[in-house]
Amino acid sequence: EKGSSPETEAFLPHPVAAAGPDLFRCMSCIRTSILPHLDLPWPRQQEFPLDGVCLPSADDVVLAVSHAWKFQGHPDPSGVEAPVICDLARQASAALEPRGETLLFY
């Protein structure tokens with residue numbers, strides 16, 4: 001199975017974890033594999049389903065997406081950015097061939 005969890009002995013944290021011990025209290029990573037299955041508009045990051053959110057392991061690739069919020073309450077209420085993000089995540093995963101999962105900080 002791709003990816004690992006902190007509960008397994010094999011879990012090695014992603015290098016981004018070196019930024020500080022509290023990093024993942026304010027940052028979560030989303031499995032890009034769930035993105036095409038989500039209804040549009042996507043939930044805001046803090047509202048993503050828990051089964052789609054995980055801590056990155058050393059085998060995972062973490063992609064960061066930053067774009068302007070056209071509306072204060074939601075980054076993409078019409079779902080216009082979602083297909084673009086899905087396609088870019090797919091391209092990055094194919095090019096980088098991670099041993100683990102491709103995750104998104106959105």
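## Notes on helix 2 and its surroundings

1. Arg99 counts as exposed, because its relative accessibility is 69% and the cut-off for that label is over 50%. Bear in mind as you read on that this is a predicted model. Arg99 sits in the loop that runs between helix 2 and strand 4. If you want a landmark for it, try Arg31: the two residues are 68 apart along the chain, and their C-alpha atoms are separated by 14 Å.

2. Stay in that loop for a moment, since Glu97 is also placed between helix 2 and strand 4. What is unusual to look for in its backbone? Glu97 has a positive phi, about 45°, although it is not a glycine. Glu97 follows helix 2 in the chain. Its relative accessible area is 62%, so Glu97 is exposed.

3. Now the helix itself. Helix 2 covers residues 81-96, which makes 16 residues. Does its length fit or clash with what a helix should give? At 1.5 Å a residue, helix 2 should span 22 Å, and its end C-alpha atoms are 22 Å apart, so the two values agree.

4. Which residues of helix 2 are buried? They are Ala82, Ile85, Ala89 and Ala92. These four cover an arc of only 95° around the axis, so they fall on the same side of helix 2. That buried set packs against two strands, namely strand 3 (61-64) and strand 4 (102-105). Turn helix 2 around and, on the face pointing away from the buried side, you find the exposed residues Arg90, Ala94 and Ala95.

5. Ala82 deserves a closer look. This helix 2 residue has a relative accessibility of 3%, so it counts as buried, the limit being under 20%. What does Ala82 touch, once neighbours within four places in sequence are left aside? Its contacts are Leu40, Trp42 and Asp76. For a distance to check on screen, take Val65: it is 17 residues from Ala82 along the chain, and the C-alpha atoms of the pair are separated by 11 Å.

6. One of those contacts, Leu40, brings us to a peptide bond worth flagging. Leu40 and Pro41 are joined by a cis peptide bond, with omega about -5°. Where is Pro41? It is in the loop between strand 1 (29-31) and strand 2 (53-54).

7. The loop between strand 1 and strand 2 also holds Leu38. Is Leu38 buried or exposed? With 18% relative accessibility, Leu38 counts as buried, because the label applies under 20%. Not counting residues up to four places away in sequence, Leu38 touches Pro43, Phe48 and Pro49. Leu38 and Pro49 are 11 residues apart along the chain, and 9.6 Å separates their C-alpha atoms.

8. Arg44 is another residue of the loop between strand 1 and strand 2. Arg44 counts as partly exposed, because its relative accessibility is 24% and that class runs between 20% and 50%. Which residues does Arg44 touch, not counting those up to four places away in sequence? The list is Trp69, Gly73, His74 and Pro75. Pro75 is 31 residues from Arg44 along the chain, yet the C-alpha atoms of the two are separated by 7.3 Å.

9. Last, the largest pocket. Rolling a probe the size of a water molecule over the atoms shows where empty space is left. The largest pocket has a volume of about 160 Å³. It is lined by 13 residues, and Thr32, Ser33, Arg90, Ser93 and Thr102 lie nearest its centre. Arg90 has come up already, as one of the exposed residues on the face of helix 2 turned away from its buried side.

10. Which element gives the most to the lining of the largest pocket? Helix 2 does, with four residues. By character, the lining of the largest pocket divides into five nonpolar, five polar and three charged residues.

Key
Residues numbered from 1 in each chain as written. Predicted model: local features only at pLDDT ≥ 70, side-chain atom pairs only at ≥ 80, totals over all residues. Heavy atoms only, no water. Expected span 1.5 Å × (residues − 1). Buried < 20%, exposed > 50% of the residue type's maximum accessible area, 1.4 Å probe, protein only. Arc of directions from axis to C-beta. Contact = heavy atoms within 4.5 Å. 1 Å grid on protein atoms, 1.4 Å probe; cavity = no way out; pocket = protein on both sides within 12 Å on 5 of 7 lines; lining within 4 Å. Points joined across faces, edges and corners; volume = space filled by probe spheres on them. Nonpolar A, V, L, I, M, F, W, Y, C, P; charged D, E, K, R; others polar.
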